[in-house]
Amino acid sequence: MRKIVLAAAMAGTALTLAACSENTEDADTATTEAEMADAADTGVADAGMMAETAGVMDANTATAEELAGVEGISSELADAIVSGQPYADVTAFNAALMETLSEEEAASVLENVFIPINLNDASEEAIALVPGMSERMVGEFLEYRPYADMNEFNREIGKYVDEEEVARFRQYVTL
């Protein structure tokens, strides 16, 4: 019972903080009510964890100005990324990055700028592009398909990695 009361209090606090921060101009760090609701629905424990996972930009929606603020992305690369939007998937985005960057540099960019992969239909190649992904984890992502919801993802992938790593992976996936 205490856990339910604590979870409700934390969710209420997080929603209040999110509502207060909606008017800030720093969109990269502001946590919206929708994100907090998603966090509550999918098992992310608190607003701090949600804020940590809100940092990956979608390469299909980011502006050149937003991209130029990311470490490892020059204004020229930011313009090139925007001119290529929309990308069919993360593999197409990675191919575009590889035209001007080394494999290591492209992997570094993918840590902060990514196109979320659909857990139920992403290719093995796309899953492998998730930063920090090992061959074993690619297999685990594939094994549990189809995922009914993100709680199932949290539960199944959480068998192999800790909560922090599950939350990090969530930055790069969708259903």
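Reader: Does asparagine 94 count as buried or exposed, and at what relative accessibility?

Author: The model is a predicted one. Asparagine 94 counts as buried because its relative accessibility is 15%, and the cut-off for buried is under 20%. This residue is found in helix H6. Not counting residues up to four places away in sequence, asparagine 94 touches Ala106, Leu110 and Leu129.

Reader: What share of the residues of the protein count as buried?

Author: Of the 175 residues, 37% count as buried. The secondary structure comprises eleven helices and four strands. Among contacts with a separation of 6 or more, 50% are between residues 24 or more positions apart.

Reader: How should one read a pocket, and what is the volume of the second largest pocket?

Author: Rolling a probe the size of a water molecule over the atoms shows where empty space is left. In this model, the second largest pocket has a volume of about 220 Å³. Its lining consists of 13 residues, of which Glu103, Ala107, Leu110, Ala128 and Leu129 are the closest to the centre.

Reader: Which elements give two or more residues to that lining?

Author: They are helix H6 (90–98), helix H7 (103–112) and helix H8 (124–128). H7 provides the largest share, five residues. By class, the lining has eight nonpolar, two polar and three charged residues.

Reader: How should one read a salt bridge, and how many does the structure hold?

Author: Side chains of opposite charge can pair when their charged atoms come close. The structure holds three salt bridges. One of them links arginine 168 to glutamate 165, with the closest N and O atoms 2.8 Å apart. Arginine 168 and glutamate 165 are separated by about one helical turn, because they lie three residues apart in helix H11 (residues 163–170). Arginine 168 counts as partly exposed at 22% relative accessibility, and glutamate 165 is partly exposed with a relative accessible area of 22%.

Reader: Which residues do salt bridges that share partners join into one network?

Author: Arg155, Glu156 and Lys159 are joined in this way. Glutamate 156 forms a salt bridge with arginine 155, where the closest N and O atoms are 3.8 Å apart. The side chain of glutamate 156 also meets that of lysine 159 in a salt bridge, at 2.6 Å from N to O. Glutamate 156 counts as buried at 11% relative accessibility, whereas lysine 159 counts as exposed at 53%.

Reader: Where is glutamate 152 found, and which side chain of opposite charge is nearest to this residue?

Author: Glutamate 152 is found in helix H10 (residues 150–157). The nearest side chain of opposite charge is that of arginine 155, 4.8 Å away. A salt bridge requires the side-chain nitrogen to be within 4 Å of a carboxyl oxygen; glutamate 152 is buried yet has no salt bridge. Leaving aside neighbours within four places in sequence, glutamate 152 is in contact with Tyr144, Pro146 and Tyr147.

Reader: Pro146 is among those contacts. Which residue precedes proline 146 across the peptide bond, and what is omega there?

Author: The peptide bond runs from arginine 145 to proline 146 and is cis, with omega near -10°. Proline 146 is found in the loop between helix H9 (135–143) and H10.

Reader: Which residue does a cis peptide bond join to proline 86, and where is proline 86 found?

Author: Glutamine 85 is joined to proline 86 by a cis peptide bond, with omega about -5°. Proline 86 is found in the loop between helix H5 (75–83) and H6. Helix H6 is also where asparagine 94 is found.

Note on methods
Residues numbered from 1 in each chain as written. Predicted model: local features only at pLDDT ≥ 70, side-chain atom pairs only at ≥ 80, totals over all residues. Heavy atoms only, no water. 1 Å grid on protein atoms, 1.4 Å probe; cavity = no way out; pocket = protein on both sides within 12 Å on 5 of 7 lines; lining within 4 Å. Points joined across faces, edges and corners; volume = space filled by probe spheres on them. Nonpolar A, V, L, I, M, F, W, Y, C, P; charged D, E, K, R; others polar. Buried < 20%, exposed > 50% of the residue type's maximum accessible area, 1.4 Å probe, protein only. Lys, Arg positive; Asp, Glu negative; His and termini not counted. Contact = heavy atoms within 4.5 Å.
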